[in-house]
Amino acid sequence: MVHIVGAGCGAPDLITLRGKRLLEEADVIIYAGSLVNKELLNYRKDGCRIYDSAEMTLEEIISVIRDAEDSGLTTVRLHTGDPSLYGAIGEQMKKLGELGIEYDITPGVSSFSGAAASLKTEYTLPDVSQTVIITRAAGKTPVPDRESLRSLASHGATMVLFLSAGLLGKVTDELISGGYKPETPAAIVYKASWEDEKICRCTVAELKKTAEENGISKTAIIAVGDFLESEFSRSHLYDPRFSTGFREAKE
Ligand code: SAH
């Protein structure tokens, strides 16, 4: 059995209780060493074998899993944040399926959630934006044309960019040509929830300069939109004038 587990975005106590239990029980742990906090490996039991997937190909990962399966062992494949986002688990699951190897997934705290917590902000403020666009700038991995930053920018919604901290000149150009004003608030959250986390607030126009000044070129979430400093209306959820499924209106 293979358990694909989200490690959370950094701080070791952001893993779920289920993820921690699976780590404690695993015979083999394959972890994404480039981003997963190594302190999580302290949960392993004696004799657990550890592999760092940063140094491995997909074929090598599958081969380790296959050997474990042949010996009746349990593997945890530990991914950073939540495995469903930029985790390359699709290709792993395909191979496991082809080999008839059973697996399940335990979600994790994605870095886009970790970044919002670090910023002490809400992405979905009433009257400001009720949509979060999660995307990335095209790099080595292409992005489909219909999802260009320029076209996504036309919505003016809250936008969260992964994997883009080294491409901020291009990001700013596309966001502005797509419709965000240059002075739209933006934030760069480097290593959210880690001890060396950095939070930089700026505008869309200042993203590249701000990242350079702070020595940030990777492991950052870029957040863009008026949610970062707008005036906004309060929600209906906690407004005494509105009834909900749990509470009658008072006026
Ligand atoms: N599955 C992960 C994302 C993996 S892709 C998740 O849900 O968070 C790797 C990218 O995630 C990095 O380039 C960066 O954009 C972002 N990232 C991962 N950990 C981060 C952290 N602690 N703080 C800020 N960004 C992070």
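Domain bounds here come from an automatic or database domain assignment, which divides the protein into domain 1 (2–106) and domain 2 (111–228). The model is predicted, so that local features need pLDDT of at least 70 and side-chain atom pairs count only at pLDDT 80 or more, whereas totals for chains, interfaces and linings use all residues. Residues are numbered from 1 along each chain as its sequence is written, and side-chain values use heavy atoms, with hydrogens and water left out.

**View 1. The two domains and their contacts.** The C-alpha centres of domain 1 and domain 2 lie 29 Å apart. Nine residues of domain 1 are in contact (heavy atoms within 4.5 Å) with 12 residues of domain 2.

**View 2. The shell around the ligand.** The ligand is surrounded by 18 residues (a heavy atom within 4 Å of it), of which the closest are Leu 85, Ser 110, Ser 111, Ala 192 and Ala 220. Because domain 1 (2–106) and domain 2 (111–228) both give residues to this shell, the ligand lies between them.

**View 3. Backbone polar contacts of the ligand.** In these polar contacts (pairs of N or O atoms within 3.5 Å), a backbone N or O atom of Ala 192 lies 2.8 Å from a ligand nitrogen atom, and one of Lys 191 lies 3.4 Å from a nitrogen atom of the ligand. A backbone N or O atom of Leu 163 lies 2.9 Å from an oxygen atom of the ligand.

Note on methods: A polar contact is a pair of N or O atoms within 3.5 Å; within protein, one must be able to donate a hydrogen and the other to accept it, and residues adjacent in sequence count only if both atoms are side-chain atoms.
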